[in-house]
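Biologist: I would like to learn how to read contacts, strand pairing and empty space in a model. Please give the general idea each time, then the case at hand.

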Amino acid sequence: MYIWIGCDISPRFTEFREKIIALSDELGLDKTVFNFPQHISLKIVFDTEEEIAKHCIKDIIELLKAEKPFTVKITDMERREGIIWLKTEQHERLKYLHEELDEIGKSYAVKPDKLDKEFIFHTTLAMDGDETKLDEAYEKLQGIPYPDEVKINTFLVAHSTDKVNFKVDRRIKVK
């Protein structure tokens, strides 16, 4: 079972995301990115047995429930191999939560994902294996304004059995 954790930023991205979906339809991009609400990932995934996952999720929820809302700035749009994302500032709370989630994983002997080693906080806009289509999407996205900061007050905990189709199990709104 795979566990994923992120910050829900959907409310600030509703209009922008609609434009991205339309662009993805136009260019025939991979739709996997839309399996989630718009978010900033805190952990790529925990890959563990279902019984251990239940305990991990309990600890993850307790960690996130103790948080207070905070704001994160969006720094710029980046095009990387197979992906277009909006990069966020290196925020201390995001970094703290990522590290604490790593510790929860380690306490259950969960190996970190290779992408967690040099984690870059971001929100994914588009993904595809066709670099030509992504280049075109990146160019078209340049003219669409996006929010320059987001308030983090809701966290998401999701699971998957195939690492593709995730179901959000918990929405944790903090005050």
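Biologist: Leaving aside its neighbours within four places in sequence, which residues is N153 in contact with?

Modeller: First, the ground rules. This is a predicted model, where local features need pLDDT of at least 70 and side-chain atom pairs count only at pLDDT 80 or more, while totals for chains, interfaces and linings use all residues. Residues are numbered from 1 along each chain as its sequence is written, and side-chain values use heavy atoms, with hydrogens and water left out. Contact means heavy atoms within 4.5 Å. With those sequence neighbours set aside, N153 touches P69, I172, K173 and V174.

Biologist: Why does N153 count as buried?

Modeller: Buried means under 20% relative accessible area, exposed over 50%, and partly exposed in between (1.4 Å probe, protein chains only). N153 counts as buried because its relative accessibility is 18%. The residue sits in the loop between strand 6 and strand 7 (154-160); helices (H or I, at least four residues) and strands (E, at least two) are DSSP runs, numbered from the N terminus.

Biologist: In which sense do strand 3 and strand 6 pair?

Modeller: Two strands pair if DSSP finds at least two bridges between them. Strand 3 (residues 70-80) and strand 6 (residues 149-152) are antiparallel, with four bridges; one of these links T71 to K151. Strand 3 also runs antiparallel to strand 4 (residues 83-88), with six bridges, and R80 has I83 as its bridge partner there. In the hairpin of strand 3 and strand 4, two residues lie between the strands, and G82 has a positive phi near 80°.

Biologist: How is empty space found, and what is the volume of the largest pocket?

Modeller: Rolling a probe the size of a water molecule over the atoms shows where empty space is left. On a 1 Å grid over the protein atoms alone, a cavity is a set of points where a 1.4 Å probe fits but cannot get out, and a pocket is an open set with protein on both sides within 12 Å along at least five of seven lines; lining residues have an atom within 4 Å of a point. Grid points are joined across faces, edges and corners, and a volume is the space filled by probe spheres set on the points. The largest pocket has about 710 Å³. Its lining has 24 residues, and those closest to the centre are I44, I83, L115, H122 and M127.

Biologist: How many cavities of 30 Å³ or more does the search find?

Modeller: The search of the whole structure finds one. The largest cavity has a volume of about 50 Å³, and helix 3 (92-107) gives the most to its lining, with three residues.
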